[in-house]
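These are my notebook entries on a structure that is new to me. I set down what I looked up, topic by topic.

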Amino acid sequence: MKVKSNSINFSVVDVTALLAINNIEENDVCVVTDENQGGTFIYRSADLATNNGGTVFNGWCRQYEGAVNVKWFGAVGDGVTDDATSLQTAIDYAYSLGGSE
């Protein structure tokens, strides 16, 4: 999902803060700085009711190219945390795109 934009409107530390932003306008851009779920997001009101836990959060759509990262979906990868649900969600998302990236 890639959309061109001219400027960054917001910068926040994590997805929780992303979801707390008020006064959002169509195509607003936010940078999330979290090490695992961070990235650049653009707001699309058509996706307001969508939250897949990795690439779309209530209208905020992740901008990326290339492979899907399981950490976007909450995987920790520390050998202790059960990442099964996060991994499966990421796999399901990649499959929905018609690919295996």
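**Entry 1: Serine 86 and its surroundings**

I began with the contacts of serine 86: beyond its neighbours within four places in sequence, serine 86 is in contact with Phe73, Gly74 and Ala75. I note at the outset that the model is a predicted one. I then looked up where serine 86 belongs, and found it in helix α2, which covers residues 84-96. Is serine 86 buried or exposed? Its relative accessibility is 13%, and therefore I list serine 86 as buried.

**Entry 2: The sheet**

I next asked in which order the strands are arranged. The sheet is open and has five strands, in the order β1-β2-β3-β5-β4, and its pairing is mixed. Strands β1 and β4 (56-57) are at the edges; each has a single partner strand, so one side of each has no neighbour in the sheet.

I went through some of the pairings separately. In general, the strands of a sheet pair through backbone hydrogen bonds, in either the parallel or the antiparallel sense.

- Strand β1 (residues 10-12) pairs with strand β2 (residues 29-32) in the parallel sense, over three bridges. Here I found serine 11 opposite valine 31 of β2.
- Strands β2 and β3 pair in the antiparallel sense, over four bridges. Valine 29 has isoleucine 42 of β3 opposite, and threonine 40 in β3 is the bridge partner of valine 31.
- I also recorded that β2 and β3 form a hairpin, with six residues between them.

Valine 31 thus appears twice in my notes: it stands opposite serine 11, and it has threonine 40 as its bridge partner in β3.

**Entry 3: Aromatic rings**

I looked up how many aromatic pairs there are. The count is five. I chose one for a closer look, that of tyrosine 43 and tryptophan 60: the ring centres are 5.4 Å apart and the planes stand at 65°, so I record the pair as edge-to-face. The angle decides this, because planes over 60 degrees apart count as edge-to-face.

Which strands hold these two residues? Tyrosine 43 is in strand β3 (residues 39-43) and tryptophan 60 is in strand β5 (residues 60-63), so the pair, 17 residues apart, links distant parts of the chain. I checked the accessibility of both. Tyrosine 43 has a relative accessible area of 9% and is buried, and tryptophan 60, at 1% relative accessibility, is also buried. Together with Phe10, Tyr43 and Trp60 make up one aromatic cluster.

**Entry 4: Charged side chains**

I searched for salt bridges, since side chains of opposite charge can pair when their charged atoms come close. The search of the whole structure gave one salt bridge. Its partners are aspartate 47 and arginine 44, whose closest N and O atoms are 2.6 Å apart. Are these two residues buried or partly exposed? Aspartate 47 is buried at 14% relative accessibility, whereas arginine 44 is partly exposed at 27%.

**Entry 5: Cysteines**

I asked how many disulfides there are. The search of the whole structure found zero. For cysteine 30, the nearest cysteine sulfur is that of cysteine 61, at 13 Å, and cysteine 30 is in no disulfide. Why do I not count a disulfide here? A pair of sulfur atoms counts as a disulfide within 2.5 Å, and the sulfur of cysteine 61 is 13 Å away from that of cysteine 30. Cysteine 30 is buried, with a relative accessible area of 0%. Cysteine 61 is likewise buried, at 0% relative accessibility.

**Entry 6: Backbone angles**

Finally I looked up positive phi values, since most residues other than glycine have a negative phi. I noted two asparagines.

- Asparagine 27 has a positive phi, near 70°. This residue is in the loop between α1 (15-19) and β2, and with a relative accessible area of 41% asparagine 27 is partly exposed.
- Asparagine 58 is not a glycine, yet has a positive phi of about 50°. I found asparagine 58 in the loop between β4 and β5, and it is partly exposed, with a relative accessible area of 31%.

Key:
Residues numbered from 1 in each chain as written. Predicted model: local features only at pLDDT ≥ 70, side-chain atom pairs only at ≥ 80, totals over all residues. Heavy atoms only, no water. Phe/Tyr/Trp six-rings, centres within 6.5 Å; stacked < 30°, edge-to-face > 60°. Buried < 20%, exposed > 50% of the residue type's maximum accessible area, 1.4 Å probe, protein only. Contact = heavy atoms within 4.5 Å. Salt bridge = Lys/Arg side-chain N within 4 Å of Asp/Glu carboxyl O. Pairing = 2+ DSSP bridges.
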